[in-house]
Amino acid sequence: MNEMLEKAKAIESQIVADRRCLHQIPEVGVYTPKTAEYVKQRLAEMGIEHRDCGIHSQEDREKMVFAGYPDAPTSTGVVGLIGKGGPCILLRADMDGLPMEETTGLDFASKGDTAHMCGHDAHAAMLLGAARILKDMEDELPGTVKLMFQPGEEMGYGSRTMVEDGLLQDPKVDAAMALHVGSQVEVGKLNYSPGVASGAMATFIVSIQGKGGHSSEPQKTIDPVNIATQICSALNMLIPREVDPEAFATLTVGALNGGRASNIIPDTSEIMVSFRTLSPEAYDHLVERIPEILDHYVAAWHGTYSVRVLKTPSTVCDPDFSAELVPYVEEILGADNVRPVPPMKGAEDFGHVTRLVPGFYAFMGAGSPEGYPLHNPNMVLDESALPLGSAILVNCAVKWLNAHADK
């Protein structure tokens, strides 16, 4: 048995216990105080240096409240350090939950209207397990391992709050990796996507100001609902007419609100539109074109508007870094169980990190093809996968540090 896997198996009960504790205290968004406190307590017990990390700007705070999320006064990320000097590799775990109820019936199931059906509790537990092993090996490390426990991944920007608070500095991060559990991927297998690993996403929350009045005198009004419907029609033409058909891209107007009665032209209307794509070219084009359409259509009908924009870039697996880490993963799982796959179309906010440093992101099996998918209220993970995840993180960190110690 691989040495790191043996070490992880020896603390399996603690990794599972951490996961079950975290599973019962799910929190949504970038403000996850109970979860962060649990992580900090565990790091302190292990003697690992750590600090709070995360800047939640007033602008982001207002955007989230406007979009219907609970207010988040701050970002509750946590950063830990093991070892010293360079090189430095970052290991990331997200730790926020979802605004949904759990119906698994597990003894440790979350209660209420928030649940860990995303697997992030498992990610945090696996990283805590890896931290325990790495701390025991600290004197042998020829560099630094930085531990990133992040909130707000499901919001698409939690990692950015930490990057903006110096996550990648002091010491400077040279490379970063993250694992995500897959409830429909067989235990013992790992999938990764060379190059682009996840879709990019941008959301535009548009508030249109018109001039309300009686429906019998439309000439005296500026109709914001009329403006909104024309914008929606124009936006829905962008992808079929301006994006390469070979590129994956979708655009959805998920909300159009305005007015409460048929005989009243309202003062305001609102649109929420988002797009996803695997194409960097399509992403750049749509980010530029959507504001142009808003400007011209609103101006054409004499309205005004404000817009709040949320952006999540694609997560990218650096080719060289990935080629280096894959053999280290294979040492834990076996070469036949590690394979490249097409990128996922969903967004993953680890992209805020991989756009700045070489990164590796992979889906690790923690279930079976017959299992419920992530984000389903019945989703259950196979906890035997947890020590595998911890072992992968440790083996990759240690082997990479050793390979780059003299560079």
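Which residues are buried in helix α1 (residues 3-10)? They turn out to be Met 4, Leu 5 and Ala 8, where buried means under 20% relative accessible area with a 1.4 Å probe and protein chains only. Because their arc around the axis is only 100°, they sit on the same side of α1; that arc is taken from the directions from the helix axis to the C-beta atoms. Their packing partners are α2 (12-23), α5, α10 (319-333) and α12 (386-404), with contact meaning heavy atoms within 4.5 Å. Helices here are DSSP runs (H or I, at least four residues), as are strands (E, at least two), numbered from the N terminus.

This is a predicted model, so to speak: local features need pLDDT of at least 70, side-chain atom pairs count only at pLDDT 80 or more, and totals for chains, interfaces and linings use all residues. Residues are numbered from 1 along each chain as its sequence is written, and side-chain values use heavy atoms, with hydrogens and water left out.

Now for the open space. On a 1 Å grid over the protein atoms alone, a pocket is an open set of points with protein on both sides within 12 Å along at least five of seven lines, and lining residues have an atom within 4 Å of a point. The largest pocket has a volume of about 910 Å³, volume being the space filled by probe spheres set on the points, which are joined across faces, edges and corners. Its lining runs to 42 residues, with Glu 154, Met 155, Gly 156, Met 201 and Arg 276 nearest the centre.

The second largest pocket comes in at about 210 Å³, and β17 gives the largest share of its lining, 3 residues.

Notes:
Buried < 20%, exposed > 50% of the residue type's maximum accessible area, 1.4 Å probe, protein only. 1 Å grid on protein atoms, 1.4 Å probe; cavity = no way out; pocket = protein on both sides within 12 Å on 5 of 7 lines; lining within 4 Å.
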